[in-house]
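Thanks for sharing this one. Here are a few notes on the strands, to read alongside the structure.

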Amino acid sequence: MTIRNVMPRIMLASSAVAAVLLMFGPADVARAQGKGKGGGGKQGGAPAATAATRPPNPAWANAEVHTLKVQGNVYMIVGPGGNTAVQIGDSGALVVDTQYEEVSGKIVAEIRKLTSKPIRYVINTSADMDHTDGNAKISRAGAPVIGGNLGAVAFDNGATIVAHENVLRAMSEGPEGKADTNADKLPTTTFFQGQKEIFFNEEPVIVMFEPAAHTNGDSMVFFRRSDVLATGDIFNMDSYPVINVDKGGSINGVIKALNVVLDITIPKHEQEGGTYVIPGHGRLTDEHDVLEYRDMVTIIRDRVQNLIKQGKTLAQVKEAKPTFEYDGRWSAATGPGSTDMFVEAVFRSLAPKK
Ligand SMILES: [Zn+2]
């Protein structure tokens with residue numbers, strides 16, 4: 001949900017810049033933003049907007065985080081950036097998605113309540129800022145001295161950050177080719193296709209790439225013994241799917257990924273439970289909820305596809321209200337996940353490219 005969450009920050013940043021400009025002039029501002037000498041910009045002089053150079057967001061800094069035991073070795077930490085999954089055991093902690101840097105301290109404190117062992121792995125389900133901004137602080141927190149020199153040396157570089165190759169690419173390039181991230185936030189281990197398998201805490205942890213869904217770099221993380229699946233933003237319980245077509249997302253990729261979720265999840269006989277699903281955002285859920293969501297999204301896809309076949313324009317498709325009976329439950333108020341942006345993303349995914 002990058003766009004919705006980033007917009008206020010961009011506005012905040014530009015108004016702050018405007019205010020500073022009045023006082024100092026452009027050269028000073030450039031230096032303050034890291035454009036001047038020692039600014040650490042990438043080739044071409046693009047500044048890296050790190051936490052040091054962007055104003056902190058008070059809404060995120062003041063947000064509360066809560067931990068919920070899911071099942072087996074897996075917990076869920078709910079905060080302003082959505083859901084972070086944590087798997088713990090004798091070997092340490094594995095963290096899926098890191099939310100915003102402003103809440104990194106609180107997330108680490110929650111993990112510390114679960115285990116005193118080091119954080120060994122961070123996995124990102126996409127490049128979106130609400131899933132990666134805390135990477136540096138949370139992976140660095142993975143290095144408590146656990147006694148003896150070996151421990152200190154072994155964890156000196158913090159936790160390994162795992163993601164699909166396209167996440168590294170997107171974070172390195174940043175929006176419009178400008179890196180918006182510092183090097184400490186970038187994935188340190190990437191994979192290209194299929195899945196990455198990690199055996200950790202006596203459990204197979206499977207990082208599954210889902211092509212062209214919410215973006216071009218989505219992964220889901222399946223804890224096979226605990227029987228818990230963290231989906232990232234392929235599946236959200238609080239809005240329509242957020243599909244970033246400009247970053248390689250597509251409605252058919254989302255539906256395909258939701259079908260993979262349904263393949264993996266097995267409900268307990270005639271009751272809630274069985275495989276638990278941690279969505280990117282919103283409450284903990286199970287196969288039943290994913291099934292209804294997949295059906296809803298598929299129905300809307302088919303309606304939009306039909307309208308496109310009839311030669312309707314985007315405006316006409318929106319006028320036909322293909323989401324009508326679902327809007328009350330699923331439309332976000334504004335931004336990605338709202339009816340307007342969801343229908344537009346579906347249309348753009350399906351319309352013949354000119
Ligand atoms: Zn998100």
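1. Let's start with one pair of residues: valine 228 sits opposite tyrosine 276, which belongs to β12. Please keep in mind that this is a predicted model.

2. That pair belongs to a longer contact between two strands. Strand β11, covering residues 228-232, runs parallel to strand β12, residues 276-279, and four bridges link them.

3. Zooming out, β11 and β12 are part of an open sheet of six strands, ordered β8-β9-β10-β11-β12-β13, with mixed pairing. Which strands stand at the edges? They are β8 (195-200) and β13 (285-286); each has a single partner strand, so one side of each has no neighbour in the sheet.

4. Now to another part of the chain, around β3. Is this strand mostly covered or mostly open? Strand β3 spans residues 82-89, and six of its eight residues are buried, so "mostly covered" is a fair description by the cut-off of 20 or more other C-beta atoms within 10 Å.

5. On one hand, β3 pairs with strand β2 (residues 74-79) in the antiparallel sense, over six bridges. Isoleucine 77 has threonine 84 in β3 as its bridge partner. The two strands make a hairpin, with two residues between them.

6. β3 also pairs with strand β4 (residues 92-96): these two run antiparallel and are joined by five bridges. Here alanine 85 faces valine 96 of β4. A hairpin connects β3 to β4 as well, through two residues.

7. A general reminder for when you look at the side chains: in a regular strand they alternate between the two faces of the sheet.

How values were computed:
Residues numbered from 1 in each chain as written. Predicted model: local features only at pLDDT ≥ 70, side-chain atom pairs only at ≥ 80, totals over all residues. Pairing = 2+ DSSP bridges. Buried ≥ 20, exposed ≤ 12 C-beta atoms within 10 Å, placed from the backbone.
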